[in-house]
Amino acid sequence: MPRLIGSAQTVTTNAAQVTTFNSSGTFAPVTSTFDALVIAGGGGGAVENVSVGVGGGGGAGGFREVTGISSPGSPTPITVGAGGAGAGPSGAPGTNGADSVVGSVTSTGGGGGGGAPGPRAGNTGGSGGGTALANQWLPEYNDSSTPTNGNTPPTSPAQGNPGGNRMNGGSNVSGGGGGAGSAGQIGGTATSPSAPGASGVGNGGNGAPSTYSGSDVTYAGGGGAAAQGIPQPQGGPGGGGNGGLYTPSGANGTAGATNKGSGGGGGTNQPGTGASGAGGSGVVIIKEPAFKTASSMWDLRQVFRQVKADDWPS
């Protein structure tokens with residue numbers, strides 16, 4: 001077979017590569033396109049400081065799986081969003097999580113939970129924060145807050161879901177934060193989860209699964225709301241923090257899971273045990289497909305044969 005003088009001619013198939021960023025860094029692509037899982041930081045839980053106050057759960061960070069991203073041919077900055085801070089027992093809304101960014105792809109930080117002083121509606125974000133309970137015994141505080149939007153700004157497919165509202169009157173649980181897989185649950189009555197209009201007792205919305213890491217992992221669960229009784233609202237599957245309890249023993253809201261973009265649990269203004277949970281940091285996972293490389297120097301006729309046999313670098 002004619003060939004140019006040189007070492008042996010070989011075409012090598014390189015295995016697909018997975019690169020995980022748990023913090024911001026730089027990605028050096030080796031293929032012309034790649035796929036990316038981009039999850040933003042989760043929102044922090046809130047505290048409501050009116051009378052016996054319970055805050056909304058934090059929304060999960062935006063969850064996006066994007067395929068066929070064109071490599072720029074140079075190192076690409078990667079931003080991994082931090083989780084938003086939770087509120088202290090003196091009362092405040094939760095802080096939004098930070099965005100995660102890969103090139104032109106942005107996942108938006110999760111919305112902080114609603115609290116007071118401040119707007120009782122949760123913040124918008126990748127997934128929205130839950131709305132805070134005003135107070136079941138004080139009618140003047142039972143305003144008609146609405147659920148907070150997720151998927152803000154909008155992406156297709158949606159990067160998240162709304163936070164849960166709380167029932168007007170007779171409720172003692174705030175709304176759970178939205179998750180990547182479902183909206184946060186509406187706040188109902190802690191001793192009566194089946195109260196009319198309630199789909200739960202302020203649990204965080206479900207997260208969403210991904211296999212980008214090589215395993216089936218669920219990310220971006222919403223934070224559970226705080227409650228004035230039992231049962232304790234739970235964070236959504238995918239690392240959402242549990243809500244706090246205003247009970248004789250009390251319980252703080254817990255933080256969302258690190259590098260899952262999960263929302264933090266809402267807290268209460270009960271002295272000594274009132275803090276809410278911070279949102280979990282995000283993550284970026286990049287998949288590059290298998291690719292081929294050719295060694296040595298090749299005769300053009302042999303290159304033609306290799307291309308025809310689909311055995312040549314693209």
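Let me start with a word I'll use a lot: a residue is buried when its relative accessible area is under 20%, exposed when that area is over 50%, and partly exposed in between, using a 1.4 Å probe and counting protein chains only. Hello everyone, and thanks for coming.

Before we look around, some housekeeping. This is a predicted model, where local features need pLDDT of at least 70 and side-chain atom pairs count only at pLDDT 80 or more, while totals for chains, interfaces and linings use all residues. Residues are numbered from 1 along each chain as its sequence is written, and side-chain values use heavy atoms, with hydrogens and water left out.

Let's take the whole chain. Of its 314 residues, 53% count as buried. The chain exposes about 12400 Å², and 55% of that comes from carbon and sulfur atoms; these areas come from the Shrake-Rupley method with a 1.4 Å probe, and for residues only the protein chains shown count as cover. Now for contacts, meaning heavy atoms within 4.5 Å. Taking the contacts with a separation of 6 or more, 61% are between residues 24 or more positions apart.

What does the chain contain in the way of helices and strands? There are 12 strands and one helix. Along the sequence, the pattern is β-β-β-β-β-β-β-β-β-β-β-β-α. Both kinds of element are DSSP runs numbered from the N terminus: helices are H or I with at least four residues, strands are E with at least two.

On to the sheets. Strands of a sheet pair through backbone hydrogen bonds, either parallel or antiparallel. Here, two strands are called a pair if DSSP finds at least two bridges between them.

One open sheet has four strands in the order β2-β11-β4-β5, with antiparallel pairing. β2 (17-21) and β5 stand at its edges with a single partner strand each, so one side of each has no neighbour in the sheet. From one strand to the next, the twist averages 15°; the axes behind such angles are lines fitted to C-alpha atoms, for helices over the stretch in contact, and angles run from 0 to 180 degrees between N-to-C directions.

Let's walk across that sheet. β2 and β11 are antiparallel and share five bridges. β11, residues 283-288, is also joined to β4 by five bridges, again antiparallel. Which residues stand opposite K287 of β11? On the β2 side it is V18, and on the β4 side it is D35. K287 also lies over the face of Y212, at 4.4 Å from the ring centre. The rule for that asks for NZ of Lys or CZ of Arg within 6 Å of the ring centre and within 35 degrees of the ring normal.

β4 itself, residues 33-39, is mostly covered, with five of its seven residues buried. Six bridges pair β4 with β5 (residues 63-70) in the antiparallel sense, and L37 stands opposite E65 there.

Another open sheet, also of four strands, runs β3-β6-β7-β8 with antiparallel pairing. Its edge strands, β3 (25-27) and β8 (105-107), each pair on one side only. Neighbouring strands are turned by 25° against each other on average, direction ignored.

β3 is joined to β6 (residues 76-79) by three bridges, with G25 opposite I78. β6 then pairs with β7 (residues 100-102) over two bridges, where T79 has V101 as its bridge partner. In a regular strand the side chains alternate between the two faces of the sheet. In β6, T76 and I78 make up the covered face, while P77 and T79 make up the uncovered one.

Now the aromatic rings. Rings of Phe, Tyr and Trp (its six-membered ring) pair if their centres lie within 6.5 Å; planes under 30 degrees apart are stacked, over 60 edge-to-face, and the rest tilted. How many pairs does this rule give? Two. In one, the ring centres of F21 and F27 are 6.5 Å apart with planes at 90°, so the pair is edge-to-face. F27 also forms an edge-to-face pair with F34, at 5.3 Å centre to centre and 75° between the planes. Together F21, F27 and F34 form one aromatic cluster. Is F21 buried or exposed? F21 is buried, with a relative accessible area of 9%. F27 counts as buried too, at 3%, and so does F34.

One last stop: G163, in the loop between β8 and β9 (208-210). G163 counts as buried, at 3% relative accessibility. Its C-alpha atom is separated by 8.0 Å from that of G57, although the two are 106 residues apart along the chain.

Thanks for listening!
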